[in-house]
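Here are two short exercises to work through with the model open beside you. Try each task before reading its solution.

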Amino acid sequence: MNTLALEKKTMPRHKTCAGGIPAKVVDLLDFDFSAAIEQEINGAVISYRQIKSVEMPREENLGYVVNRAVFDHLLALRAGRAGAAINEGETVRTISKHDHLIEVKTNRSTYRCRALIGADGAQGITTRILGCSAPPASIGLEVYVPCEHALIRNHVHKLGFYFGYLPDGYGWIFPRRQDASIGIGIPMKYARRARSLLVDFLEALGLPRDPALHAKGHALPLFSPLTRRPFCRGNILLAGDAASFVDPVTGEGIYWALKSGEEAARAISATLATGKHAAGVYTAALGRHILPELRAAWKVSLPLNAFPQASFNFFQSNERIRKMHFQVMAGHLSYIDLLAQVPRMPLIIMKSLLSRLFRRKTSL
Ligand SMILES: Cc1cc2nc3c(=O)[nH]c(=O)nc-3n(C[C@H](O)[C@H](O)[C@H](O)COP(=O)(O)OP(=O)(O)OC[C@H]3O[C@@H](n4cnc5c(N)ncnc54)[C@H](O)[C@@H]3O)c2cc1C
């Protein structure tokens, strides 16, 4: 099979991303990516308005924070060693069908291929080709703040998730070698206010506001089963952000981009010689390995997004749920396991919220 990868930028290229990857990503990689590692992660803290916080018990190697420019370059080099031709600085302009082939026109050339994986991100052309016009659900904005600040030094080897500072969504501090990625993930409806919300977040943490001037933003297509979208058609298969395979609880998409890319490649190599379309095999693989977990994550995200404070209180007071959630973050449990063990979790959070509201009303 001859494989051509088209990338509009020149590698290594910047990608706006905090670079947090769970340890399970290692299972998908068969090469040494240590050059991309900014920090190994062995803990996490979840805070609500710096008033309350819960700390995950320290554990060896929960995952890593990677430098995306280096990490993605290593991936491209690995693909090259496996035999793919990588054309950098080449932008795909149009995609159309010609008989049984797919025609791809770029700024440099025209290619015809039998199968195409659309891995061109949240706002790429392939999503539109398959007829999805829904805008990405959220946007992420990040800055790098140097380690000289005490708060950032407190996050060495430890991820920080911050709730209650934004009208919706959450903020993060992910440690790196010389600095930290600090950012916010918010629903797209706040996109115009994103920079000022980031300034507010930095100030609330006691950090300088100036870095927000250099903040970079990018769409964050959180997965939702309510957005009816095709993931493939014929021999065109979408992977990663192009298919909105982003964990709606944490905003993690790197693992899902790698996993779906691998499944898409498998589906194509399994069907190309048979003359059958790869979409059938890919749909089955998504149904086995990807969609059930993302659907479960979406269910878990509903109360967290609708009632962040009540969810946090519930999380803080319920040790069993807290431990299980940390197990999910560590990759020892899946969201499916979490929901199977606590199928009424969204309902329990709703009840805890209603009883709190009721108590407040009766005490007035
Ligand atoms: C602020 C922020 C923080 C994040 N933090 C994390 C995190 O800590 N952990 C995590 O797991 N996820 C995180 N994510 C999500 C993660 O970045 C994405 O889910 C992931 O990058 C998806 O990979 P992808 O390959 O599908 O798309 P991308 O990484 O977007 O790659 C798409 C590639 O396609 C190229 N391209 C686009 N259009 C064309 C074209 N027409 N022709 C040729 N090439 C094209 C682009 O140049 C790009 O290189 C974050 C996202 C944001 C915005």
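**Exercise 1.** How many bridges join β17 to strand β18, and do the two run parallel or antiparallel?

*Solution.* Step one: β17 and β18 (residues 236–238) are joined by two bridges and run antiparallel. Two strands count as paired if DSSP finds at least two bridges between them; strands (E, at least two residues) and helices (H or I, at least four) are DSSP runs numbered from the N terminus.

Step two: look across the pair, where Cys 232 faces Leu 237 of β18.

Step three: place the pair in its sheet, which is open, has mixed pairing and follows the order β11-β18-β17. Because β11 (116–118) and β17 (232–233) are edge strands with a single partner each, one side of each has no neighbour in the sheet.

The model is predicted, so local features need pLDDT of at least 70 and side-chain atom pairs count only at pLDDT 80 or more, while totals for chains, interfaces and linings use all residues. Residues are numbered from 1 along each chain as its sequence is written, and side-chain values use heavy atoms, without hydrogens and water.

**Exercise 2.** Is strand β4 largely enclosed by the rest of the structure, or left open?

*Solution.* Step one: six of the six residues of β4 (residues 43–48) are buried (under 20% relative accessible area, 1.4 Å probe, protein chains only), so the strand is largely enclosed.

Step two: Gly 43, Val 45 and Ser 47 point one way, and Ala 44, Ile 46 and Tyr 48 the other.

Step three: six bridges link β4 to the parallel strand β13 (residues 158–163), with Tyr 162 as the bridge partner of Ser 47.

Notes:
Buried means under 20% relative accessible area, exposed over 50%, partly exposed in between (1.4 Å probe, protein chains only).
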